[in-house]
Every structure is written in structure tokens, then in C-alpha cells.
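Work through the exercises below with the model open. Each task is followed by a stepwise solution.

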Amino acid sequence: MSDNVKNFFWLLIVVGMASLVGRLSWRLASSALAYEIPVRSVGVSSCRGGVQLPNDEVGAAKKAAHSPTGAPTIFSKIIKKEIPADIVHEDETSLAFRDVNPQAPVHILVIPKKPIAMLSEATESDSQLLGHLLSVARRVAKSEKLSSGYRIVINNGEHGAQSVYHLHIHVLGGRQMQWPPG
């Protein structure tokens with residue numbers, strides 16, 4: 001099968017996905033053809049303002065690590081209510097919402113409203129906020145009835161596969177977790 005025919009089939013698949021999941025620009029490129037295809041990422045795989053398709057968190061993390069800092073992230077846009085989210089908790093300093101690309105039956109992200117790019121950039125003055133975020137994660141897990149257990153994950157930096165440079169805590173549950181995690 002020629003590359004053009006293969007690319008046409010990929011285009012049909014991706015356009016079908018676009019009709020199911022919304023809009024966002026994604027570039028499907030090959031040596032022969034390049035298409036701009038409207039799709040919406042089914043995962044929150046944004047990196048310092050850009051968006052990646054899901055299931056390539058390592059690639060997204062590598063790209064995010066080399067992106068300019070200071071640009072709005074998808075999380076800062078969710079905080080400002082510029083992007084909709086299924087919010088499960090909000091207070092003066094934090095926000096918790098369902099991940100649109102869940103890696104478990106329950107997958108909630110807990111974020112500070114204060115822009116902290118990653119855990120390693122938090123300061124001693126952020127200690128109370130960091131404790132509050134863990135407390136929110138615990139309360140969210142309880143409200144989601146994760147009494148059999150859950151996993152808390154914080155990705156930090158490129159090797160930690162952090163793809164959104166706004167500190168966030170993953171609350172994962174509703175199934176048996178595996179070990180080792182990564």
C-alpha cells in the first residue's frame with residue numbers, strides 16, 4: 001500500500017475522531033503529505049500553552065521541558081474558566097477536576113490556583129499550600145468513595161514526564177494499581 005493511501009486512511013481515522021471529540025489543531029505529517037486536522041485532545045496533555053495528543057506523555061514532557069516559560073497553560077485557562085472542566089472541588093487556593101484522559105476509573109487533578117510550574121520550584125513559603133493540596137486530594141478521594149485505596153502522583157520535570165508546567169496532583173483510583181508505576 002502506498003504512503004499516500006496509508007495517509008488517507010489515517011486521515012479518515014483522525015477525522016472520525018475529530019467528529020467524536022471536538023476541535024483542536026493537530027498536524028499529521030508524513031514525508032509525502034501534511035494535513036491540518038481539527039481534533040480535540042482527549043487528554044490534558046498540554047505543555048506550557050501547547051497541546052499534544054494523548055498517550056505520548058514522555059514526548060509531551062520532552063517538548064514541554066524545552067518550551068518557553070511564562071506562557072499560559074491549559075490549567076491556568078481552566079482556573080480562569082476560559083476552558084470548561086468537570087470541577088469536583090474549588091476553594092480560594094485550589095481547584096480539582098476530572099482528567100479528560102483518565103488513566104483509571106477515577107482520575108482527578110488537584111492544582112493550586114497560584115502558578116507554580118513544578119514541585120521542585122515550590123518554596124518554603126509554599127509549604128502550607130502544598131499541604132492543603134494533599135488534603136484536598138484526600139478529601140476528593142473520600143468523596144469519590146475510593147475506600148479500597150488510590151494513588152497520588154506528582155510528575156516533576158522532563159524525566160518525571162511532566163507535560164503541563166503547572167503543579168498538579170493526580171488522584172487515581174477505582175482499580176487495582178500496578179507496581180512499579182513507571
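Patches are made of residues with over 30% relative accessible area and no salt bridge, and nonpolar side chains are joined within 5 Å. The model is predicted.

**Exercise 1.** Find the residues that make the nonpolar surface patch of about 390 Å², and place L119 in the chain.

*Solution.*
1. The patch is made by L119, L134, Y150, I152 and I154.
2. L119 sits in the loop between strand 7 (106-112) and helix 4 (127-143).
3. The relative accessible area of L119 is 35%, so L119 is partly exposed.
4. That value passes the patch cut-off of over 30%.

**Exercise 2.** Give the strand order of the open sheet, then identify the strands at its edges.

*Solution.*
1. Five strands make up the sheet, in the order 5-6-7-9-8, with antiparallel pairing.
2. Strand 5 (87-90) and strand 8 (150-153) each have a single partner strand, so one side of each lacks a neighbour in the sheet.
3. From one strand to the next, the twist averages 15 degrees.
4. Strand 8 pairs with strand 9 (residues 169-173) over four bridges, in the antiparallel sense.
5. Within strand 9, V171 stands opposite I152.
6. Helix 4 lies across strands 5, 6, 7, 8 and 9. Helix 4 runs at about 155 degrees to strand 7.

**Exercise 3.** Decide whether I74 is buried or exposed, and state how far its C-alpha atom is from that of Y165.

*Solution.*
1. I74 belongs to helix 3 (residues 74-79).
2. Buried means under 20% relative accessible area.
3. I74 has 16%, so I74 is buried.
4. I74 and Y165 are 91 residues apart along the chain, and their C-alpha atoms are separated by 9.3 Å.

Conventions
Residues numbered from 1 in each chain as written. Predicted model: local features only at pLDDT ≥ 70, side-chain atom pairs only at ≥ 80, totals over all residues. Heavy atoms only, no water. Patch = residues over 30% accessible without salt bridge, like charges linked within 9 Å, V, L, I, M, F, W, Y side chains within 5 Å. Areas by Shrake-Rupley, 256 points an atom, 1.4 Å probe, with all protein chains shown as cover. Salt bridge = Lys/Arg side-chain N within 4 Å of Asp/Glu carboxyl O. Helix = DSSP H or I, 4+ residues; strand = E, 2+ residues; numbered from the N terminus. Buried < 20%, exposed > 50% of the residue type's maximum accessible area, 1.4 Å probe, protein only. Pairing = 2+ DSSP bridges. Axes fitted to C-alpha atoms, helices over the stretch in contact; angles between N-to-C directions. Contact = heavy atoms within 4.5 Å.
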